[in-house]
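Student: I'd like a close look at one part of this model, the aromatic rings and the core around them. Can you walk me through it once it's up on screen?

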Amino acid sequence: NDRHLQRFVAHEIIDGAVKFHVVSPKEGNHGLAIYAREEGEDILLCNYITQAAPNQTSAIPFPKVSNGLYGPVVPAFSEMGLSSKTHRSAFIECDTGELDLRLSADRVLLYEHDLFWETLEEKVNLHGNVFKQILDGEVQFWLRLPHLGKYRFTVYAKEPGQQGEMANVINYCINCTGTRDGLGPFPVVHEK
């Protein structure tokens, strides 16, 4: 059973095309099978053999996302009139430890977020390392990334007065390759 290898492959959909991201857990050849789900049944589309040299391996898998998909969550993202202003891809490289992400909406929305730094052995909640503000129809998320490695940043939204839970609208995978001291949580700001 190779289920433990599933987190070494992730995908996103950009303009109707599926883009796969693969990190090799160890040197050598690996098989990659790509499936599509149609009417509740998984259908094999194709098989690939990937090769990884020693300098191309990573023991750090992609962070786990609840629906298995990075990028805009269909149909919630478009139904809420959202669009990405700063990053076309959900896979972002950051070499400074600080990141500015912005979304715009065609209506007033309430937002919440999750930020987790993950390895195979550890998952750290860094919710306080995100500052959120809404200006002129855009929501800005300013992230402080204190550790090297991969992060999952998830945005939730709903309309004011809407009953029920907030909907997961977009998932990002951030690979932090550089950081600096002092990138801790933001001061707590209470909204009115």
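Student: Are Phe-141 and Phe-153 buried or exposed?

Tutor: Both Phe-141 and Phe-153 are buried; bear in mind that this is a predicted model. Their rings make an edge-to-face aromatic pair, with 5.3 Å from centre to centre and 70 degrees between the planes. Phe-141 sits in strand 12 and Phe-153 in strand 13, so the pair ties together parts 12 residues apart in sequence. Now widen the view a bit: ring pairs join these two with Tyr-111 and Tyr-172 in a cluster.

Those four names turn up again in the largest nonpolar core, which has 38 residues; Tyr-111, Phe-141, Phe-153 and Tyr-172 are among those with the most contacts inside it, as are Leu-143, Val-169 and Ile-174. Several elements each supply at least two residues of this core, including helix 1 (76-79), strand 12 (138-144) and strand 13 (149-158). Strand 14 gives the most, with six residues. As for Tyr-111, setting aside residues up to four places away in sequence, its contacts include Leu-82, Lys-132, Ile-134, Phe-141 and Met-166.

There are six aromatic pairs in the structure. Another one to pull up is Phe-62 with Phe-91: the ring centres are 5.7 Å apart and the planes are at 80 degrees, so this pair is edge-to-face. It links distant parts of the chain, 29 residues apart, with Phe-62 in the loop between strand 4 (41-52) and strand 5 (71-72) and Phe-91 in strand 7. Phe-62 counts as buried at 6% relative accessibility, and Phe-91 is buried with a relative accessible area of 16%.

Conventions: Residues are numbered from 1 along each chain as its sequence is written. This is a predicted model: local features need pLDDT of at least 70, side-chain atom pairs count only at pLDDT 80 or more; totals for chains, interfaces and linings use all residues. Side-chain values use heavy atoms; hydrogens and water are left out. A nonpolar core is a set of buried Ala, Val, Leu, Ile, Met, Phe, Trp, Tyr and Cys residues joined through side-chain atoms within 4.5 Å. Buried means under 20% relative accessible area, exposed over 50%, partly exposed in between (1.4 Å probe, protein chains only). Helices (H or I, at least four residues) and strands (E, at least two) are DSSP runs, numbered from the N terminus. Contact means heavy atoms within 4.5 Å. Rings of Phe, Tyr and Trp (its six-membered ring) pair if their centres lie within 6.5 Å; planes under 30 degrees apart count as stacked, over 60 as edge-to-face and the rest as tilted.
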